[in-house]
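Here is a short set of exercises to work through with the model open in your viewer. Try each task before you read its solution.

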Amino acid sequence: MAGGLACLSSPTARSYRGRPISATAASTQYVDALTHGSRLRNVRGMEAYAAAATHGLVDRVRASQLPPPSERARIRQCSGASLRDFADELGVSPMTVLRWEQGKSRPRMRRAIAYRRLLDAVREVAA
């Protein structure tokens with residue numbers, strides 16, 4: 001493509017069909033050709049990104065699925081951990097953890113994922 005750019009500096013350049021055109025028209029065609037190819041690459045890239053993002057979302061939703069509230073409390077109590085221990089680990093108040101265990105509220109996705117991982121780890125160690 002370097003040769004293509006060099007010919008744009010002359011007052012008249014030849015297009016791919018051999019007709020004389022101005023440097024401005026040649027550069028416009030060159031930019032259009034690049035942009036069109038770029039758009040095609042971007043569309044393919046966006047499709048791949050969307051597929052990966054969808055897959056990532058599915059993984060996050062799956063990871064955020066919590067056991068029933070009574071099971072959450074049982075797991076914590078069997079491990080000997082206090083509400084404060086869980087709250088400190090998750091960066092929330094002990095009252096928030098209690099509400100989650102009672103089913104009065106539900107953590108948002110990011111916290112639900114962390115809570116699920118903590119419950120799984122504590123269950124594994126306590127078993």
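**Exercise 1.** Classify D88 as buried or exposed in this predicted model, then find its salt-bridge partner.

*Solution.* Start with the surface. The relative accessibility of D88 is 53%. The cut-off for exposed is over 50%, so D88 counts as exposed.

Next, look for the partner. D88 forms a salt bridge with R84, and their closest N and O atoms are 3.9 Å apart. A salt bridge requires such atoms within 4 Å, so this pair qualifies at 3.9 Å.

Finally, place the pair. D88 and R84 belong to helix α4 and are 4 residues apart, so about one helical turn separates them.

**Exercise 2.** How do helices α4 and α5 pack, and which residues make the contact?

*Solution.* First, take the geometry. Helix α4 covers residues 83-90 and helix α5 covers residues 94-102; they pack at about 105 degrees, with axes 8 Å apart. Angles of 65 to 115 degrees count as roughly perpendicular, so α4 is roughly perpendicular to α5.

Second, list the contact residues. From α4 come L83, R84, F86, A87 and L90, while α5 contributes P94, V97, L98, W100 and E101.

Third, sort these residues by character. The contact of α4 with α5 has 8 nonpolar residues, 2 charged ones and no polar ones. R84 deserves a second look: this residue takes part in the helix contact and also in the salt bridge with D88.

**Exercise 3.** Where does the salt bridge between R74 and E71 lie, and how exposed are the two residues?

*Solution.* Begin with the distance: the side chains of R74 and E71 meet at 2.7 Å, N to O. Both residues sit in helix α3 (residues 69-79), 3 residues apart, which is about one turn of the helix.

Now check the accessibility. R74 has 41% and counts as partly exposed. E71, with a relative accessible area of 23%, is partly exposed as well.

**Exercise 4.** Describe the salt bridge between D120 and R116 in the same way, then state how many salt bridges the structure holds.

*Solution.* The side chains of D120 and R116 meet at 3.2 Å, N to O. Helix α6 (residues 109-126) holds both, 4 residues apart, or about one turn of the helix.

On accessibility, D120 is partly exposed at 30%, and R116 is partly exposed at 25%.

To finish, take the total: the structure holds 5 salt bridges, among them the D120 and R116 pair.

Notes:
Residues are numbered from 1 along each chain as its sequence is written. This is a predicted model: local features need pLDDT of at least 70, side-chain atom pairs count only at pLDDT 80 or more; totals for chains, interfaces and linings use all residues. Side-chain values use heavy atoms; hydrogens and water are left out. Axes are lines fitted to C-alpha atoms, for helices over the stretch in contact, and angles run from 0 to 180 degrees between N-to-C directions. Angles under 35 degrees count as roughly parallel, over 145 as roughly antiparallel, 65 to 115 as roughly perpendicular and the rest as oblique. Contact means heavy atoms within 4.5 Å. Ala, Val, Leu, Ile, Met, Phe, Trp, Tyr, Cys and Pro count as nonpolar, Asp, Glu, Lys and Arg as charged, and the others, Gly among them, as polar. Buried means under 20% relative accessible area, exposed over 50%, partly exposed in between (1.4 Å probe, protein chains only).
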